[in-house]
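Colleague: I am new to this structure. Could you walk me through how to read it, one feature at a time?

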Amino acid sequence: MKIVILDRATLGFDIRVDIFSKFGEVVSYDMTKKEETKQRIEEADIVLTNKVVIGRNEMDDSRVKLICITATGMNNVDLEYAKQKNIQVKNVAGYSTSSVVQVAFSMIFQIVTKLNYYKSYVDEGNWQKSNIFTHIDEPFFELDNKRVGVIGLGEIGRDFAKKASAFNCEVVYYSTSGKNSNSDYMQVSLDELLKTSDIISIHAPLNENTKNLLNYENMKNIKEGAILLNLGRGGIINEADLAKIIDEKEIYCGIDVVSVEPILEENPLLKVKNKDRLLLTPHIGWASVEARNRLVKMVAKNIEETTF
């Protein structure tokens, strides 16, 4: 069998992919442009893609039997046409939970404890000039007894909630589907969550229920000094509205995902004036070394369990 990896670079080159060699010949491309996809997969039996789009045109005239998506989201493959062509499509899920939650808490700690400020204070040679043993000009706060609102209580949301509880936080949640009922935490309306939470963390999929879920009108209700995190999907927060809110009131944001990735030059979040209120990272939440190794092993298992 011939296995083609279309966007090897998205897995990181510190991660080995030689596990796939046991299935046959492996041809790996760091990246694949839209116009290159059809030619690269036409002789493949198995295709691995993270974000490269595989649609009707790409599948036509190919001998592909299995498309393995090296991610959870499946919107880059025309699933209906794959079914018509008898091409199996498999994704992976659950590999990144610990990684996403860890990055979320890293953002919280950096914002709450003002570590950037204090590191800069020392690095710039100020501590040795102090008349007292400490320097606490930038107030910081404890997580204990803060209200944490989780938007989307799936696997990642539940793990985030569990770890927030370990810091003695009061956890509430909003179900974006309206179908989630979890007796461990109090379910509240989106409006109440935004108005009352000290920390708000989004761990929801992007769909018709969540697109622009947070907009200017409801984000105006977020408490002064609150922290808003999005490690779910870009597009859940209206980015133009968020940029406006950040410059109008004191809220702090950790944003790991945006609506178009890589981020566009014209994205309004890059134009925010109060940059100290925005921690913007390049979609790293999923990508700890352990998570990426789990991902590769899960893709290999998907191949092993496929009947050709």
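Modeller: Let's begin with one residue. This is a predicted model. Buried means under 20% relative accessible area. Asp45 has 6%, so Asp45 counts as buried.

Colleague: Where does Asp45 lie in the chain?

Modeller: Asp45 sits in the loop between α1 and β3.

Colleague: What does the side chain of Asp45 meet there?

Modeller: Look for polar atoms first. The side chain of Asp45 makes a polar contact with the side chain of Arg63, at 3.4 Å. A polar atom of the Asp45 side chain also lies 2.8 Å from the backbone nitrogen of Lys2. Then list the contacts. Leaving aside neighbours within four places in sequence, Asp45 touches Met1, Lys2, Arg63, Val64, Lys65 and Leu66.

Colleague: Which residues join Asp45 in a network of salt bridges?

Modeller: The network links Asp45 with Glu43, Arg63 and Lys65.

Colleague: Next, helices. Why do residues three or four places apart point the same way?

Modeller: An α-helix has 3.6 residues a turn, so such residues point the same way. Now take helix α1, residues 34-41. Its buried residues are Thr37, Arg40 and Ile41. They cover an arc of only 85° around the axis, which puts them on the same side of α1.

Colleague: Which residues are exposed on the other side of α1?

Modeller: Glu35 and Gln39 are exposed there.

Colleague: And what covers the buried residues of α1?

Modeller: The cover includes β1 (2-5), β3 (46-49) and α2 (56-59).

Colleague: Let's turn to cores. How many residues has the largest nonpolar core?

Modeller: It has 37 residues. Those with the most contacts inside this core are Phe20, Leu48, Ile54, Ile67, Leu295, Val299 and Ile303. Next, ask which elements supply it. β1, β3, β4 (66-69), α3 (79-84) and α10 (289-304) each give at least two residues. The largest share, six residues, comes from α10.

Colleague: What does Ile54 touch?

Modeller: Not counting residues up to four places away in sequence, Ile54 touches Leu6, Thr37, Ile41, Val47, Thr49, Met59, Ile67, Asn76, Val77 and Asp78. Two of these names are already familiar: Thr37 and Ile41 are among the buried residues of α1. Apart from the largest core lies another core, of 30 residues. Among them are Val172, Met219, Ile236 and Cys253.

Colleague: Now salt bridges. How many does a search of the whole structure find?

Modeller: The search finds 19. For each pair, check the distance, the place in the chain and the exposure. Glu138 and Lys114 meet in a salt bridge, 3.4 Å from N to O. Glu138 lies in the loop between α5 (115-123) and β6 (147-151), and Lys114 in the loop between α4 (97-113) and α5, so the pair ties together parts that are 24 residues apart in sequence. Glu138 is partly exposed at 28% relative accessibility. Lys114 is buried at 18%.

Colleague: What about Glu170 and Arg147?

Modeller: They form a salt bridge too, with the closest N and O atoms 2.8 Å apart. Glu170 is in strand β7 (residues 170-174) and Arg147 in strand β6, so this pair ties together parts 23 residues apart in sequence. Glu170 is partly exposed, at 37%. Arg147 is buried, at 12%.

Colleague: And how are Lys162 and Asp159 placed in helix α6?

Modeller: They are three residues apart in α6 (residues 155-166), so about one helical turn separates them. Their side chains meet in a salt bridge at 3.7 Å, N to O. Lys162 is exposed, with 51% relative accessible area. Asp159 is buried, with 13%.

Colleague: One more residue, please. Is Asn218 buried or exposed?

Modeller: Asn218 is buried, at 15% relative accessible area. Asn218 lies in helix α8 (residues 216-219). A polar atom of the Asn218 side chain lies 2.9 Å from the backbone nitrogen of Asn215. Beyond neighbours within four places in sequence, Asn218 is in contact with Leu190, Leu194 and Leu213.

Colleague: Last, the record. Which residues does the UniProt domain annotation cover?

Modeller: An unreviewed UniProt entry annotates residues 105-285 as "D-isomer specific 2-hydroxyacid dehydrogenase NAD-binding". Over that stretch the chain is 28% helix and 15% strand. The end C-alpha atoms are 11 Å apart.

Methods. Residues are numbered from 1 along each chain as its sequence is written. This is a predicted model: local features need pLDDT of at least 70, side-chain atom pairs count only at pLDDT 80 or more; totals for chains, interfaces and linings use all residues. Side-chain values use heavy atoms; hydrogens and water are left out. Buried means under 20% relative accessible area, exposed over 50%, partly exposed in between (1.4 Å probe, protein chains only). Helices (H or I, at least four residues) and strands (E, at least two) are DSSP runs, numbered from the N terminus. The arc is that of the directions from the helix axis to the C-beta atoms. Contact means heavy atoms within 4.5 Å. A nonpolar core is a set of buried Ala, Val, Leu, Ile, Met, Phe, Trp, Tyr and Cys residues joined through side-chain atoms within 4.5 Å. A polar contact is a pair of N or O atoms within 3.5 Å; within protein, one must be able to donate a hydrogen and the other to accept it, and residues adjacent in sequence count only if both atoms are side-chain atoms. A salt bridge is a side-chain nitrogen of Lys or Arg within 4 Å of a carboxyl oxygen of Asp or Glu. UniProt positions are given in the numbering used here, feature names are shortened, and annotations may be inferred rather than shown by experiment.
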